[in-house]
Amino acid sequence: MNRIPERNRPLVVLATGVVVLLLVAGAVLLVGQLGPSPTPTPPASPTATASPSADPSTPEGAVRAFFEAFAEARRTDDPATVLPFTAGESSDAYRSAEAFLRGQREVGKASVITRLEITNVAVDVQGDRATVGFDYVQVGYDIDLDTGEPLESPVALPLERVSAVVVRREQGWLVESYVSQ
């Protein structure tokens, strides 16, 4: 019987352990390659009703409803989603959103907004018009418009100070225009 000398026994045990470890790791990797790869599900985007303060009966609520609808519209590049929260198709707010979404659509991409923050809100009401100033932050990523596959990792856009003009109509307050300051 062939015996391993006593002084070499730890090396043989170590080498055997390394070989077994490599075989197990290779098997795990191979099995992982054979099964279906999981498809990441993008997080849900905000909706026009996501925020309890997105109530168009107030100037601040109208602004929140518009920007939440805009975040929703970015997933499909469909400006119809923001229309109910604007002063109409001829309003600067609608035309600005529509132009942005058309540009996205023309290059075959859309966006998923994973976080939308409107903070430090200041409202100045003058009759049937109001100016709503606020800090605006959004986090999200671009997706391929046709496949829905992410084109990038989530990105936090820099904080913007925005001023929106809202007008009171029969159905409540509606966004007429907005600008970044």
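A pocket, as the term is used here, is an open set of grid points with protein on both sides within 12 Å along at least five of seven lines. With that in mind, good morning, colleagues. The structure before you is a predicted model, and I shall centre my remarks on its largest pocket, whose volume is about 220 Å³.

Allow me to begin with the overall arrangement. The protein chain has 181 residues, of which 34% are buried. It contains three helices and five strands, and their order from the N terminus is α-α-α-β-β-β-β-β. Of the contacts with a separation of 6 or more, 58% link residues 24 or more positions apart.

I turn now to the pocket. Which residues line it? They are Phe67, Phe70, Arg74, Ser96, Phe100, Tyr136, Gln138, Leu157, Glu160, Val162, Tyr178 and Ser180. By class, seven are nonpolar, three polar and two charged. At least two lining residues come from each of the following elements: helix 2, helix 3 (92-106), strand 2 (129-144), strand 4 (160-169) and strand 5 (172-180). Helix 2 supplies the largest share, namely three residues.

Helix 2 therefore deserves a closer look, and its length can be checked: it comprises 18 residues, 59-76, and at 1.5 Å a residue it should span 26 Å. The end C-alpha atoms lie 27 Å apart, in agreement with that expectation. Is this helix mostly covered or mostly uncovered? It is mostly covered, with 14 of its 18 residues buried. Here, buried denotes a relative accessible area under 20%. Immediately after the helix, Asp77 adopts a positive phi of about 60°.

On the strand side, three of the contributing elements are linked by pairing. Strand 2 pairs with strand 4 in the antiparallel sense, over eight bridges, and Arg129 is placed opposite Val167 of strand 4. Strand 4 is also paired with strand 5, again antiparallel and over eight bridges. Within that second pairing, Val165 has Ser177 of strand 5 as its bridge partner. How many residues does the hairpin from strand 4 to strand 5 pass through? The connection is made through two residues.

To conclude, the largest pocket draws on helices 2 and 3 as well as strands 2, 4 and 5. Strand 4 pairs with strand 2 and with strand 5, while helix 2 provides the largest share of the lining. Thank you for your attention.

Methods: Residues are numbered from 1 along each chain as its sequence is written. This is a predicted model: local features need pLDDT of at least 70, side-chain atom pairs count only at pLDDT 80 or more; totals for chains, interfaces and linings use all residues. Side-chain values use heavy atoms; hydrogens and water are left out. Helices (H or I, at least four residues) and strands (E, at least two) are DSSP runs, numbered from the N terminus. The expected span of a helix is 1.5 Å times one less than its number of residues. Buried means under 20% relative accessible area, exposed over 50%, partly exposed in between (1.4 Å probe, protein chains only). On a 1 Å grid over the protein atoms alone, a cavity is a set of points where a 1.4 Å probe fits but cannot get out, and a pocket is an open set with protein on both sides within 12 Å along at least five of seven lines; lining residues have an atom within 4 Å of a point. Grid points are joined across faces, edges and corners, and a volume is the space filled by probe spheres set on the points. Ala, Val, Leu, Ile, Met, Phe, Trp, Tyr, Cys and Pro count as nonpolar, Asp, Glu, Lys and Arg as charged, and the others, Gly among them, as polar. Two strands pair if DSSP finds at least two bridges between them. Contact means heavy atoms within 4.5 Å.
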